[in-house]
Structure formats: C-alpha cells, structure tokens
Amino acid sequence: MSTPGDGTRVVHAGLPAPVPGEPFLPGPVFAAPYHLDPVAGPGAAVDGYGRPDNRTRRALETAIGELERGDTRVFASGQAAITAALLTVLRPGDAVLLPSDGYFAVRAFAAGTLAELGVDVRTAPTAGPYPSFEGIRLVLLETPANPGLDVCDIPAIAAAAHAAGALVAVDNTAATPLGQRPLDLGADLVVASGTKALTGHSDLLLGYVAARDEALLARLTTWRAQTGGVPGAFDCWLAHRSLGTLDLRLARQTANAAALAPLLAAHPAVTGVRWPGLPGDPAHAIASAQMRRIPGLIGFDLGSEERVGAFLSASRLIFAATSFGGLHTSADRRAQWGDDTTPGFVRLSCGVEDTKDLVEDVKAALGG
Ligand SMILES: Cc1ncc(COP(=O)(O)O)c(C=O)c1O
C-alpha cells in the first residue's frame, strides 16, 4: 500500500491489532491499583498503579506519537505538559526564550515560577526578530501563535538554536500534528494542548509532549510519575475516540475559515484580519512552506468591546467562548482575559457547521 493519507492514519492511530470479538478501540480501563502477583509483586505485570501505568493512556500516546512521529507522553492539560517540559529541561542559571505573543499562561508561569527558580526568562515575537541564541538552553516557539496567528520558520530557527547549543520546543496546539510536524522540521520537543482541535469536542482537557530523545523522554516520564499530572482514563479514551475524525474536522474548519476570512477582510466594520491562508497575510509565505494545513482560526478587530458584544449577540451560530478548535464555531474577545490585544480584537475559531450557514450568519451579525 502507498503511504496512507491523513484520514486513514487518524482512523487507525494507536488501535490494537484486530481480535475477533474485541472492539476496535478497547474501552477505558479504570484502575488506581491493579492486582499484583501475591508472590512476585510488581515485576510480574506491566500495570501496578494508575499514576504511572494505564493502558488506555498508553494507547492514546501511541496514537498521538504516530501522528507527531515521536514518542509521546500525555498530561492532564496543555499547561501540565508545557510546564513539565520546561521544568524537565531548565535548571537555575539557564536562560529560556519564549514567544512574547504566545499563550499568556505560559509567560505568566515563566515570569513567576521559572524566574523565582533562577531561570533567565527572555521573550521574542513569533514573527521575529530573534536575538542571538548564545547562552540559551531552551527556545519555545508557538506557531501559529495564539492569539495573533503569526508564524515562524521552524527549520531556520532550529538550525540557529542548535548551532548555539539550545534545544527547541514547538507548541503545536493550533496546527495539530496533521497541520505541521515540528519534529520533522527540526524541533527537539513538541508540546501541545490536546484540549483544542486535536480532540475537538470541547469536552476534555489534555496535553502532550512528544520527542525522539529517549533520555529526555525518560526524565519527562519520571517527572510526570512523580508530580502526578496524568489525564484520567475516560478523558484518554474520549480523546482517542475523537482523533479518528481529526482529518474531517480540520478540513471543514479550514474550508470555513477560507470562506470567512476574505468576507471579514472586505467588510467595512472589520480591520486587521489575520488568517495565514490569505495570500496577503504576513504569515502566508512561511505557513504555506512549512504547514500541511492552515488552521480554522481567524483574528480580526471590530474596533471596540461594545461592537464585539453586539456582533456576538446578533450571531445565531457563533458561541461566545474561549478555547478553540472545536466542532462549534466560537469567538473570544481576548482582551477580556488580559491578553495584550486591542479591546475589539476577536479570535474566531471556525467549527464544522455548513459553510453557507456560517457565511450567512456572519454577514447578518455584521449588519449585512
Ligand atoms: C497555544 C496554547 N498552548 C497551551 C495551552 C494550554 O492548554 P490547556 O488549556 O489544555 O492547559 C493553550 C490554551 O489555550 C494554548 O492556546
């Protein structure tokens, strides 16, 4: 068989070999302790205690690992995964470079906990310019960045960072492994929130770290077992179940963004439209070169908090909600969470509704 396409890969990712009478995806295994061999003890079976050992979690890790092409550990949330990666790699006296325009909670963690631990926290905008990487231990990139949707050149930055002795981690939340494979592009680590498009049903929190370096993964696995930020079996099972439709969901989300972005850009009430799929977007060239798909996220400005409120109240289909990447189209005025954005800036997350219905709804909500 030729190389399977994305739809085939997600449908089969992490599934056990077929066994007559068994389900395609085995149900969740709920266990804190498991039975031990009364004589041989923990060495006699793979699973002994739920914090380090759970086969539903391992199946999900196999699935995500197949898509990211790296060994994967899942965590209770994206924040749990990202902070685990940062605290596994960084030590007092190290320097870390973070995106100044990325997910705000990561910067807040760095400015608080990491700085208090003696880590030198530096920032650079995703679109650059980047400082010298000399003396930096870890460069964390977020591309496309949330919420501004700027994109950076992963291979070029990874090459420069590696030449200076730094490790590179990429937050792949917005792209998902079907949109971009950072490990193939030169990154050492992928970190992500699986709460968003990866699982896409707005019903669970999840995070993961993927890497190819066994020593790094061993330290991360120990970190997770000792700090305990594991996702529950049911969330892992739901996430695995949801992965099977990732290709279909992303395709519709991108198609919806492709219809809405030009409409928004042409509307007199809207300014500053950002969608890396638009030919005139500043991120278009790099995104087209390095990404396999453009996510269904659009940024734009309606001018004021009041106009955003009026737009969302007038829309019949767009849910006012934070997070993104779900089945339902949703919009978030980011300044209400303390993001450094203008009061009228909106991050629109296109869902999987019919394109014609969304176009009609957005036109009507904008006042024609
Ligand atoms: C880019 C990015 N990374 C990480 C996170 C954190 O993920 P979680 O909310 O699953 O902890 C988010 C959440 O919005 C995000 O947008």
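1. A quick definition before anything else: helices (H or I, at least four residues) and strands (E, at least two) are DSSP runs, numbered from the N terminus. With that in hand, P144 sits in the loop between strand 4 and helix 5 (154-163). The peptide bond joining T143 to P144 is cis, with omega at about -5°. Bear in mind that this is a predicted model.

2. There's another cis proline to look at. G128 and P129 are also linked by a cis peptide bond, omega being about 5°. P129 belongs to the loop that runs between strand 3 (120-124) and strand 4 (138-142).

3. Stepping back to the whole chain, I count 12 helices and 12 strands. The radius of gyration is 21 Å, close to the 21 Å that the globule rule gives for 368 residues, so the chain is as compact as a globular protein of that length. Along the principal axes, the C-alpha atoms fill a box of roughly 75 × 55 × 40 Å.

4. On packing and surface: 52% of the 368 residues count as buried. If you take contacts between residues at least 6 apart in sequence, 69% of them join residues at least 24 apart. The exposed area comes to about 15,600 Å², with carbon and sulfur atoms supplying 59% of it. As for charge, there are 29 positive and 37 negative side chains, and the centres of the two sets lie 2 Å apart.

5. Now the sheet I'd scroll to. It is open, has 5 strands in the order 8-9-12-11-10, and its pairing is mixed. Strand 8 (271-274) and strand 10 (319-320) are at the edges with a single partner strand each, so one side of each has no neighbour in the sheet. Further in, strand 9 (residues 297-301) and strand 12 (residues 345-349) run antiparallel and are joined by 5 bridges. In that pairing, G299 stands opposite R347 of strand 12.

6. S349 is worth a click too. This serine is part of strand 12, and its relative accessible area is 1%, so S349 counts as buried, the cut-off being under 20%. Leaving out residues up to four places away in sequence, S349 touches several others, among them G296, L297, F324, H328 and S330.

7. Finally, two positive phi values outside glycine. R69 has phi of about 60° and lies in the loop between helix 2 (55-68) and strand 1 (71-75); R69 is partly exposed, at 41% relative accessible area. S323 has phi near 65° and falls in the loop between strand 10 and strand 11 (330-333). S323 is partly exposed as well, with a relative accessible area of 24%.

Definitions and conventions. Residues are numbered from 1 along each chain as its sequence is written. This is a predicted model: local features need pLDDT of at least 70, side-chain atom pairs count only at pLDDT 80 or more; totals for chains, interfaces and linings use all residues. Side-chain values use heavy atoms; hydrogens and water are left out. The radius of gyration is taken over C-alpha atoms; the globule rule is 2.2 Å times the number of residues to the power 0.38. Buried means under 20% relative accessible area, exposed over 50%, partly exposed in between (1.4 Å probe, protein chains only). Contact means heavy atoms within 4.5 Å. Accessible areas come from the Shrake-Rupley method with a 1.4 Å probe; for residues, only the protein chains shown count as cover. Lys and Arg count as positive and Asp and Glu as negative; His and the chain ends are not counted. The place of a charge is taken as NZ of Lys, CZ of Arg, CG of Asp or CD of Glu. Two strands pair if DSSP finds at least two bridges between them.
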